[in-house]
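Me: I would like a close look at a single part of this model, followed outward into its surroundings with some care. Please give one connected answer rather than a list.

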Amino acid sequence: FRDRAQDLYINGFKTEKGWELSATKNKSRLNDFARQFGLDEVDAVEDWDMVFDPTDLTPFSFENKRVNLYYLPDPLRHCMKANPTDVSEIPPWTKTLIESITGNDEKCFDHFINWLACIFQTRKKTRTAWVFQGVEGTGKGLFFNHIIAPLFGHHYCCEKMIRNLVDTFNGWLEQCLFLLIDESRIERSVKNEQIPDMLKSWITEPKISIRKMRANQYEPPNFTNFIFATNNADALEIGATDRRYNVCPEQQNAVQVPIDIEERLKKEIIPFAEFLWSYPINEELSHIALNNLAKTTMHESKLSDFAFFVRRIIKGNFEFFFDIYTQDKGALPEHGIYKGILREWKDRLTRDGQCVITKNELKFIYNYFHNKTISEVVFGRLAVQHKLNFTFSTVENKRQRVFVTTWTTGVEFFNDL
């Protein structure tokens with residue numbers, strides 16, 4: 001048949017493990033294939049749809065002229081046949097690895113289990129991704145290669161580096177249920193500028209643009225779920241209002257596993273599959289990304305010095321400023337001025353935590369923190385860019401530009417000034 005989307009002629013076999021298909025631009029090669037296997041030659045080649053749809057378990061339909069390239073992996077086939085309903089325990093070594101990669105955080109652990117069970121039961125895209133971070137040896141690769149891949153099918157689980165994502169051809173992505181982006185860190189370069197927006201699109205969009213060699217570009221449904229594994233706290237650019245990434249706390253300790261861990265995990269695949277199959281899933285929850293300290297830290301690690309400074313002001317984090325206040329700077333004149341400014345803030349503090357801060361005070365503190373000498377004009381321009389909007393008010397009998405913040409973190413430290 002001719003695949004409509006790619007404008008390619010397809011021949012091949014249906015096997016016990018799925019389809020073995022070959023594509024060609026040359027129609028005459030179909031009859032070469034037919035003669036080789038004693039089949040009747042064809043004059044007219046029908047147009048069919050060749051799709052990858054893990055939510056539809058019909059392998060092919062002569063009526064609809066449709067071939068589905070998805071084939072059930074053995075653990076999922078087992079669960080559909082046995083239909084286990086009362087499995088409540090995760091196998092021990094599988095649980096150990098999941099606890100490790102989720103940073104020993106109970107909330108992340110539970111959220112990840114629901115996310116994984118939703119994919120196992122429905123084979124649908126969740127539109128959220130996971131970021132596992134920590135030292136080497138925490139089990140990130142072991143979990144993906146010896147638990148995820150056997151559960152969902154090795155040929156449907158891909159592993160790539162960040163730099164591979166901008167390759168010209170991405171045909172592998174069409175039949176990818178899970179993508180592990182290993183040692184994830186987006187370095188700043190012209191080539192990588194497109195990666196953050198591209199990842200956002202891949203994680204959430206229902207269709208994806210596929211480019212193969214010698215084939216038309218086309219947009220099939222997008223079923224890929226994403227996992228990022230990194231040793232870097234500043235691995236990804238995550239927005240302040242992000243709704244895509246679940247970020248686990250950094251795991252600082254390598255997981256201790258026996259030498260035969262791969263064999264032990266192999267024996268736990270079916271029990272873990274049965275657990276996921278019988279898990280009471282919440283699909284709506286799987287589409288929601290957690291907001292936690294680990295995510296905030298990763299977001300802020302990518303911020304410029306000025307953006308980080310402004311965020312502390314707007315969010316009302318006085319603890320950040322108090323930490324500098326308590327440092328021993330000797331007789332440094334600037335530190336004395338800084339302490340005086342914070343005492344002025346204490347005098348302006350209202351009962352509900354509001355405080356008037358002048359533009360000149362913020363400019364001085366920013367220059368002091370970062371050993372800079374930026375002018376008032378430059379500071380003002382940066383403030384506008386980062387949505388630090390000043391108004392006019394009278395402070396110390398003088399009409400000045402000010403910002404009114406509400407201190408929400410570290411208010412108690414005002415008593416120590």
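Does Asn-371 count as buried or exposed, and at what relative accessibility?

Reply: Asn-371 counts as exposed, because its relative accessibility is 74% and the cut-off for that class is over 50%. What follows concerns a predicted model, and the values are computed from its atoms.

Asn-371 sits in the loop between H13 and helix H14, the latter spanning 376-385. Its backbone is worth a note, since phi of Asn-371 is near 55°, which is a positive value in a residue other than glycine. On the far side of H14, in the loop between that helix and strand S13 (391-395), is Lys-387, whose phi is near 60° and is again positive without the residue being glycine. Lys-387 is exposed as well, for its relative accessible area is 62%.

From the loop that holds Asn-371 one can step back into H13 and reach a setting of the opposite kind. The side chains of Arg-348 and Glu-361 meet there in a salt bridge with an N to O distance of 2.6 Å. Arg-348 belongs to helix H12 (residues 333-348) and Glu-361 to helix H13 (residues 359-370), so the pair ties together parts that are 13 residues apart in sequence. In contrast to the exposed Asn-371, both Arg-348 and Glu-361 are buried. The pair also takes part in a network of salt bridges, in which Arg-348 and Glu-361 are linked with Glu-344 and Glu-396.

By the rule applied here, the count of salt bridges comes to 11, and two further pairs deserve a description. The side chains of Asp-242 and Lys-295 form a salt bridge at 2.9 Å, N to O. That pair links distant parts of the chain, with Asp-242 in the loop between S10 and strand S11 (245-247) and Lys-295 in helix H9 (residues 293-301), 53 residues apart. Both Asp-242 and Lys-295 are buried.

The other pair is Lys-212 with Glu-174, whose side chains meet in a salt bridge at 3.4 Å, N to O. Here again distant parts of the chain are linked, 38 residues apart: Lys-212 is in the loop between helix H6 (195-204) and strand S10 (225-230), and Glu-174 is in the loop between strand S8 (157-161) and strand S9 (178-182). The partners fall into separate classes of exposure, because Lys-212, at 26% relative accessibility, counts as partly exposed, while Glu-174 is buried with a relative accessible area of 7%.

A polar contact of another sort involves Asn-114, a residue of helix H4 (residues 106-122). Asn-114 is buried, because its relative accessible area is 3%, which is under the 20% limit. A polar atom of the side chain of Asn-114 lies 2.8 Å from the backbone nitrogen of Asn-282. With neighbours within four places in sequence left aside, the residues in contact with Asn-114 are Tyr-279, Pro-280, Ile-281, Asn-282, Leu-285 and Ser-286.

Ser-286 leads on to an enclosed space, as it is one of the residues lining the largest cavity. The structure holds 1 cavity of 30 Å³ or more, and about 40 Å³ of space lies in the largest one. The lining consists of Cys-118, Ile-119, Thr-122, Lys-124, Lys-125, Thr-126, Glu-283, Ser-286 and His-287. The elements that give two or more residues to that lining are H4 and helix H8 (283-286), and the largest share, 3 residues, comes from H4. By class, the cavity lining divides into 2 nonpolar, 4 polar and 3 charged residues.

Open space is a separate matter. About 610 Å³ lies in the largest pocket, and of the 23 residues that line that pocket, the closest to its centre are Phe-1, Ile-10, Asn-11, Gly-12 and Phe-33. Strand S2 (8-15), strand S3 (18-24) and helix H1 (28-36) are the elements that give two or more residues to the pocket lining, and S2 gives the most, with 5 residues. The lining of the largest pocket has 16 nonpolar, 3 polar and 4 charged residues.

Key
Residues are numbered from 1 along each chain as its sequence is written. This is a predicted model: local features need pLDDT of at least 70, side-chain atom pairs count only at pLDDT 80 or more; totals for chains, interfaces and linings use all residues. Side-chain values use heavy atoms; hydrogens and water are left out. Helices (H or I, at least four residues) and strands (E, at least two) are DSSP runs, numbered from the N terminus. Buried means under 20% relative accessible area, exposed over 50%, partly exposed in between (1.4 Å probe, protein chains only). A polar contact is a pair of N or O atoms within 3.5 Å; within protein, one must be able to donate a hydrogen and the other to accept it, and residues adjacent in sequence count only if both atoms are side-chain atoms. Contact means heavy atoms within 4.5 Å. On a 1 Å grid over the protein atoms alone, a cavity is a set of points where a 1.4 Å probe fits but cannot get out, and a pocket is an open set with protein on both sides within 12 Å along at least five of seven lines; lining residues have an atom within 4 Å of a point. Grid points are joined across faces, edges and corners, and a volume is the space filled by probe spheres set on the points. Ala, Val, Leu, Ile, Met, Phe, Trp, Tyr, Cys and Pro count as nonpolar, Asp, Glu, Lys and Arg as charged, and the others, Gly among them, as polar. A salt bridge is a side-chain nitrogen of Lys or Arg within 4 Å of a carboxyl oxygen of Asp or Glu.
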